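Work through the exercises below with the sequence and the structure at hand. Each task is followed by a solution in steps.

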Amino acid sequence: MKKVLIPVTNHATLGETDQANGTYAPELTHVVHVLNDNGIAFDIVSISGGKAPLYGTDIEGDDVNNQVLGDASFQTQINNTVPVSQVNIDNYDAIFYPGGFGLLSDLASNEEVASMAAKHYEAGGIIAAVCHGPAALLPITLSNGEPLIASKQVTAFTREEEVDFGTINDIPFLLEEALTRKAAQYSKVQPWGEFVIEDERVITGQNPASAHAVGEFLAKLLAE
């Protein structure tokens with residue numbers, strides 16, 4: 001059985017504000033739903049372990065989100081995330097980073113997770129991320145000293161979407177700018193449109209509307 005490692009944030013607020021945050025649930029649940037449908041196993045981990053903060057758990061009309069959040073085994077995993085220090089990356093076929101603003105404050109700069117992801121990628125593994133999840137790609141440096149994304153086309157949550165969402169003044173940094181400076185190419189479509197790029201085993205999706213498609217891309221690559 002194929003297996004995906006899902007690192008989530010431990011940071012429970014939007015930047016330095018007191019606004020409740022963490023991982024944006026639909027970006028996690030919609031991918032988990034695709035993994036479940038394809039018989040792909042997953043483990044949810046975080047830098048320090050324990051209960052992971054989630055928001056977006058009460059979105060009206062999102063049946064997939066409600067279904068996955070209502071699953072007892074999923075709740076056990078999200079409430080008892082495994083510390084990254086206990087992870088053997090050799091046991092996984094892919095890494096998936098869901099979004100949410102929380103990871104801008106931890107996974108976006110964490111060297112331990114980044115070095116694990118670099119080892120995974122160089123061993124032929126797949127790396128996927130959606131919305132703010134691609135922030136976790138920023139610190140990944142390959143053994144040749146090059147950033148992972150220096151040769152990759154990527155997408156992620158856009159400046160326009162930050163403005164629309166009212167978060168532009170509270171985020172620790174603007175993800176679109178950070179990726180544009182480091183990636184071979186950053187691309188985007190109109191705000192809130194579905195958009196996914198796959199480039200040499202690196203899958204990125206622009207926003208929450210892209211989560212399902214990221215899951216489908218991931219499942220397809222894992223089946224090859």
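Contact here means heavy atoms within 4.5 Å. The model is a predicted one.

**Exercise 1.** Locate N110, decide whether N110 is buried or exposed, and list its contacts beyond four places in sequence.

Solution. Step one: N110 belongs to the loop that runs between β6 (94-97) and α4 (111-122). Step two: buried means under 20% relative accessible area; N110 has 16% relative accessibility, so N110 counts as buried. Step three: with neighbours within four places in sequence set aside, N110 contacts I47 and P139.

**Exercise 2.** Describe the largest nonpolar core and state which helix gives the most to this core.

Solution. Step one: the core has 73 residues, and V4, I6, F74, F96, Y97, I140 and L218 are those with the most contacts inside it. Step two: helix α7 (residues 211-223) gives the most, with seven residues. Step three: take L218, which touches V4, L35, A94, F96, I126, A128 and I203 when residues up to four places away in sequence are not counted.

**Exercise 3.** Classify the aromatic pairs that F165 forms with F101 and with F157.

Solution. Step one: the F101 and F165 rings are 5.9 Å apart centre to centre with 20° between the planes, a stacked pair. F101 lies in the loop between β6 and α4 and F165 in helix α5 (residues 159-165), so this pair ties together parts 64 residues apart in sequence. Step two: F157 and F165 are edge-to-face, at 6.5 Å centre to centre and 85° between the planes. Step three: F101 is buried at 2% and F157 is buried at 3%, whereas F165 is partly exposed at 44%. Step four: ring pairs link F101, F157, F165 and W192 into a cluster.

Technical notes
Residues are numbered from 1 along each chain as its sequence is written. This is a predicted model: local features need pLDDT of at least 70, side-chain atom pairs count only at pLDDT 80 or more; totals for chains, interfaces and linings use all residues. Side-chain values use heavy atoms; hydrogens and water are left out. Helices (H or I, at least four residues) and strands (E, at least two) are DSSP runs, numbered from the N terminus. Buried means under 20% relative accessible area, exposed over 50%, partly exposed in between (1.4 Å probe, protein chains only). A nonpolar core is a set of buried Ala, Val, Leu, Ile, Met, Phe, Trp, Tyr and Cys residues joined through side-chain atoms within 4.5 Å. Rings of Phe, Tyr and Trp (its six-membered ring) pair if their centres lie within 6.5 Å; planes under 30 degrees apart count as stacked, over 60 as edge-to-face and the rest as tilted.
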